[in-house]
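Here's a quick walk through one protein chain, from its overall build down to a handful of residues. Have the viewer open and follow along.

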Amino acid sequence: MTYTTRLVTDESEFAELGADWARLYARCPSATPFQSHAWLHSWWLSYGRPGRLRLLLVRDGAELVGVAPLMRVRRPVPALVPLGGAISDYGDVLLDEERGEAAVTALTEGLAACARTALIDLREVRPGGAAERVYECWRGPRRRVGDSLCLELPALPMAELVARLPSGKAQRVRAKLRKLTALGVERHVVTPDEVDKALRRLLELHQLQWQGRKVTSEHLRPRFCEHLVRSVGPMVRSGDAVVTEFRLDDDVVAVDLTLLSRRLAGGYLYGAHPCLRERKADVAVMLLDACAEHARGTLSLLRGNEPYKHHWRPEPVVNQRLLLARRRTAPLLAAAVCDVAARRRGKELVRTWRERGGGGP
C-alpha cells in the first residue's frame, strides 16, 4: 500500500477539505471535538495569520488517512504547532485507525520533511491521542513533558455520579437537584437553527456572571464570538456539540455548550444569570446534570484545577507536550525544554510566595 503526503498552505483548500476531513475524523476514535474540521477551520478564520498555515495530508489514493493540522510560529523558537491555540483544550493529529503503522510512518516522515528548520511542538495531547503514535515512530531527538491538567469523570448518569460521593455530600447534591426542580428550571436542547441566537445569549450571560471579577478576556472579544457561532452550528448538525438553554419563567437564564466526540464529552463554556445564585440554585450541579446526559466514555471537566471540580472526585489526567526535532534542530528542542523548566519553576516560586502570605511576615 502506497501513501502520498502533501503539504497544504492555501486557506481556500483548507475550506474544501470538510467532507474528507469528516470521514477521517469518524475513523479516528481518539479524536476530540477540537480536531473537527468545523472547529479548526473556523479557528483559522478568526485567529490564523496569512502564510503560516501548514496542513500535512496523507492519502491512500483519494482517501484522506492522516492529517497534521499545524501552523508555523517564530517565537519563542521556530516551530510547527497545532491549530486551535489557547481556546482549544486538546491538540492532536488525525490518523485512520484501520490503516495500521504504514499510515503512521507516512505522516511521521512527512512531518520530518516539513520541519527542516523548525521544531514540531505538539501541545495539549490527551493521553492515548494519535500523536503518541507519531512520537513513538519518530527517529530524531524527542522529548515528552507534561502540559495542562484536566479532570475527568466516568460517563455515568447523574444519579450514579452522585452515588460515587461520600454519603453526606451526596445528600447535599440530591437536595440541590430537588431545589432546581422546585424552582422550575427547564432545559431545552437547542436545534441547529437556534444555535446562533443561543450562543450570543451564552456570551452575554457569561459576561454578566463575571462582571466585576477576573474573566478570561478572550471570551469577550468579537473574534471569539465569531469563531464560536461559525463552528458550533455545523458541530451541532454533525452531533459533535450540544447547546442547552435553561429557562426560568420563560426567560433564558443560562446557556451551556458541551462538545462531544466518540469517547469524550466536555462542558466547554457556559453563561448564567446572577439571579440563579440569588435564588440558591447551584449552577455547577445544574450544568453537570445536563452534560452527563450526553457523555460518552469520559465526561471531561477539561483544563483547569478549580476547587469546585474536585467535589465530584474526578481523576486527574495530565495532557502531554510532544517535542520532535531533527538532528539539525536539536538545539531548538533543548531551548524549548529549558523554557518549560523555567516556567514551571516560576510557577512554583509564585505558589510558594502566595502560600507564605505574599511575602509578608
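## The chain at a glance

The protein chain exposes about 17,600 Å², and carbon and sulfur atoms supply 50% of it; accessible areas come from the Shrake-Rupley method with a 1.4 Å probe, and for residues only the protein chains shown count as cover. Bear in mind that this is a predicted model, where local features need pLDDT of at least 70, side-chain atom pairs count only at pLDDT 80 or more, and totals for chains, interfaces and linings use all residues. Residues are numbered from 1 along each chain as its sequence is written, and side-chain values use heavy atoms, with hydrogens and water left out.

You'll find 13 helices and 13 strands in the protein chain (DSSP runs numbered from the N terminus: H or I of at least four residues for helices, E of at least two for strands). The radius of gyration is 22 Å, close to the 21 Å that the globule rule gives for 361 residues, so the chain is as compact as a globular protein of that length. That radius is taken over C-alpha atoms, and the rule is 2.2 Å times the number of residues to the power 0.38. The C-alpha trace spans about 65 × 60 × 40 Å along its principal axes.

Of the 361 residues, 49% are buried (buried means under 20% relative accessible area, exposed over 50%, partly exposed in between, with a 1.4 Å probe and protein chains only). Among contacts (heavy atoms within 4.5 Å) with a separation of 6 or more, 75% are between residues 24 or more positions apart.

## Helix 11 and its start

Helix 11 covers residues 283-292, and eight of its 10 residues are buried. Those buried residues include Met286, Leu287, Leu288 and Cys291. At the N-terminal end, Asp282 acts as a cap, with a side-chain oxygen 3.1 Å from the backbone nitrogen of Ala284. Ala284 itself sits in helix 11 and counts as partly exposed, at 29% relative accessibility. In sequence Ala284 and Lys309 are 25 residues apart, while their C-alpha atoms are 8.8 Å apart in space.

## Two buried polar residues

Ser88 is in the loop between strand 4 (79-82) and strand 5 (94-95), and is buried at 4% relative accessibility. Its side chain reaches the backbone oxygen of Gly84 at 2.8 Å. Not counting residues up to four places away in sequence, Ser88 touches Phe34, Trp39 and Arg303.

Arg321 belongs to strand 13 (residues 315-324) and is buried too, with a relative accessible area of 10%. What joins the side chains of Arg321 and Asp121? A polar contact of 2.6 Å does; the term means a pair of N or O atoms within 3.5 Å, and within protein one must be able to donate a hydrogen and the other to accept it, while residues adjacent in sequence count only if both atoms are side-chain atoms. Leaving aside neighbours within four places in sequence, Arg321 is also in contact with others, including Arg143, Arg144 and Asp147.

## Backbone oddities

Here are two residues other than glycine with positive phi.

| Residue | Phi | Loop | Relative accessible area |
|---|---|---|---|
| Asp249 | near 55 degrees | between strand 9 (241-248) and strand 10 (251-260) | 56%, exposed |
| Lys280 | near 65 degrees | between helix 10 (274-278) and helix 11 | 64%, exposed |

Also have a look at Arg75 and Pro76, which are joined by a cis peptide bond with omega about 0 degrees. Pro76 lies in the loop between strand 3 (63-73) and strand 4.
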